[in-house]
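Please look through the sequence and the model below before reading on. The report that follows begins with one pair of strands and then widens to the rest of the chain.

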Amino acid sequence: MKRAIPVLVLTVAGLIPVWRYAPSTDTSSTTEVAEPASTPSTSSSDGTSNQVVAGSTIETEKGPVQVEVTFDGDKISSVRMLQQPNHPQTKAAVPKLIAETLTAQSADIDAVSGATITSEGYVESLQAAIDAKPASSSSSTSSSSSSPSASAAASQVVAGSAVGTEKGTVQVEVTFEGDKIDAVRMLQQPNHPQTKAAVPKLIAETLEAQSSDIDAVSGATITSEGYVESLQAAIDAKG
């Protein structure tokens, strides 16, 4: 009986290491798998046909007005304000002016009631951006049959004479594509609200009539007459 006690003690002692090193049955892993980093979205537009042109800064009684126009080919695809007066009327008028521009595809738009001064500054800056837009090359350069010099020769830029009026000097610059009047830009004009409002209308009429046979703008008769005279001089001077 006394011998049995040591044997039992040894047996229990031998089992202790077995319990201590029993394999864990916990199947949870401590390795963390990081989520893949999000890939930044890239624009699919190659931007080859887009041109962004800033119009001139127009100082008005309410503050400076300046627009930036994005052209998709010859189309006005968007207009953004770079500078505008910090007035409630202006903030309310700008979306309407931009919407009118996108519809008309020109600066021949109506002033917004209650924001006439801002509207006039917007139109002038917009027209400056349109005039400053480089001509887009619609023909593909891959066409080997067309001569590069031929297309260059078809474009002519002619300045009309400077016409002195009671309101100030008026002078236009006309871009011809072949025999077509493609664009008209003001080189000199009186610094009057009536003139600023009239010029986009005169240019729009010219592009439609393709001549100087256009009507004077009401309220800006003197400027209109000077414009027509300078325009006709440019047409006559075209080679």
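In this predicted model, strand 3 and strand 4 pair in the antiparallel sense, and seven bridges join them. The two strands form a hairpin with two residues between them, and Gly73, which lies in the turn, has a positive phi of about 70°. Beside this turn, Asp72 has Lys75 of strand 4 as its bridge partner.

**The chain as a whole**

The chain has six helices and eight strands, and from the N terminus on these elements run in the order α-β-β-β-β-α-α-α-β-β-β-β-α-α. Of the 239 residues in the chain, 31% are buried. Among contacts between residues at least 6 apart in sequence, 46% join residues that are at least 24 apart.

The confidence of the prediction deserves attention before the details are read. The mean pLDDT of the chain is 77, and 71% of the residues reach 70 or more. Over residues 7-13, however, the pLDDT is below 50, and this stretch has zero contacts in the model beyond near neighbours in sequence. Residues 15-48 also have a pLDDT below 50, and beyond near neighbours in sequence that stretch has one contact in the model. Where pLDDT is low, the predicted coordinates should not be read in detail.

**The cores**

Which residues have the most contacts inside the largest nonpolar core? This core has 20 residues, and those with the most contacts inside it are Val67, Val69, Val79, Met81, Tyr122 and Leu126. Strand 3 (64-72) and strand 4 (75-83), the two arms of the hairpin, each supply at least two residues of this core, as do helix 2 (88-104) and helix 3 (116-132). Apart from this core lies another one, of 18 residues, among them Val170, Phe176, Val199 and Ala234.

Two residues show how the parts of the first region meet. Leaving out residues up to four places away in sequence, Val79 touches Val67, Glu68, Ile98, Thr101 and Tyr122. Thr101 is found in helix 2, and it counts as buried because its relative accessibility is 0%, which is under 20%. On the same basis of leaving out residues up to four places away, Thr101 touches Ile76, Val79, Ser106, Ile109, Tyr122 and Leu126.

**Two helices compared with their expected spans**

The table sets out helix 3 and helix 5, with the distance from the first C-alpha to the last and the value expected at 1.5 Å a residue.

| Helix | Residues in helix | Span | Expected span |
|---|---|---|---|
| Helix 3 | 17 residues | 24 Å | 24 Å |
| Helix 5 | 17 residues | 25 Å | 24 Å |

In helix 3, the buried residues include Thr118, Ser119, Gly121, Tyr122, Val123, Ser125, Leu126, Gln127 and Ala129. What covers them includes strand 1 (50-54), strand 2 (58-59), strand 3, strand 4, helix 2 and helix 5 (193-209). Gln127, which lies in helix 3, is buried, because its relative accessible area of 9% is under 20%. Beyond residues up to four places away in sequence, Gln127 touches Ala107, Pro200 and Ile203.

Pro200 and Ile203 are also among the buried residues of helix 5, which are Thr195, Lys196, Ala198, Val199, Pro200, Leu202, Ile203 and Thr206. The cover of these residues includes strand 2, helix 3, strand 8 (180-188) and helix 6 (221-237). Helix 5 has a kink of about 25° at Val199, shortly before the proline Pro200. After helix 5 comes Gln210, whose phi is positive, near 60°.

**Two residues in later strands**

Is Gly164 buried or exposed? Gly164 is found in strand 6 (residues 163-164), and it counts as exposed because its relative accessible area of 64% is over 50%. Gly164 and Gln189 are 25 residues apart in sequence, and their C-alpha atoms are 9.7 Å apart in space.

Leu187, placed in strand 8, is partly exposed, because its relative accessible area of 34% falls between 20% and 50%. Leu187 and Ala162 are 25 residues apart in sequence and 8.8 Å apart in space, taken from C-alpha to C-alpha. Leaving aside neighbours within four places in sequence, Leu187 is in contact with Ala159, Gln171, Val172 and Glu173.

Terms used. Residues are numbered from 1 along each chain as its sequence is written. This is a predicted model: local features need pLDDT of at least 70, side-chain atom pairs count only at pLDDT 80 or more; totals for chains, interfaces and linings use all residues. Side-chain values use heavy atoms; hydrogens and water are left out. A nonpolar core is a set of buried Ala, Val, Leu, Ile, Met, Phe, Trp, Tyr and Cys residues joined through side-chain atoms within 4.5 Å. Buried means under 20% relative accessible area, exposed over 50%, partly exposed in between (1.4 Å probe, protein chains only). Helices (H or I, at least four residues) and strands (E, at least two) are DSSP runs, numbered from the N terminus. Contact means heavy atoms within 4.5 Å. The expected span of a helix is 1.5 Å times one less than its number of residues. The bend at a residue is the angle between axes fitted to the seven residues ending there and the seven starting there. Two strands pair if DSSP finds at least two bridges between them. pLDDT is the predictor's confidence in each residue, from 0 to 100.
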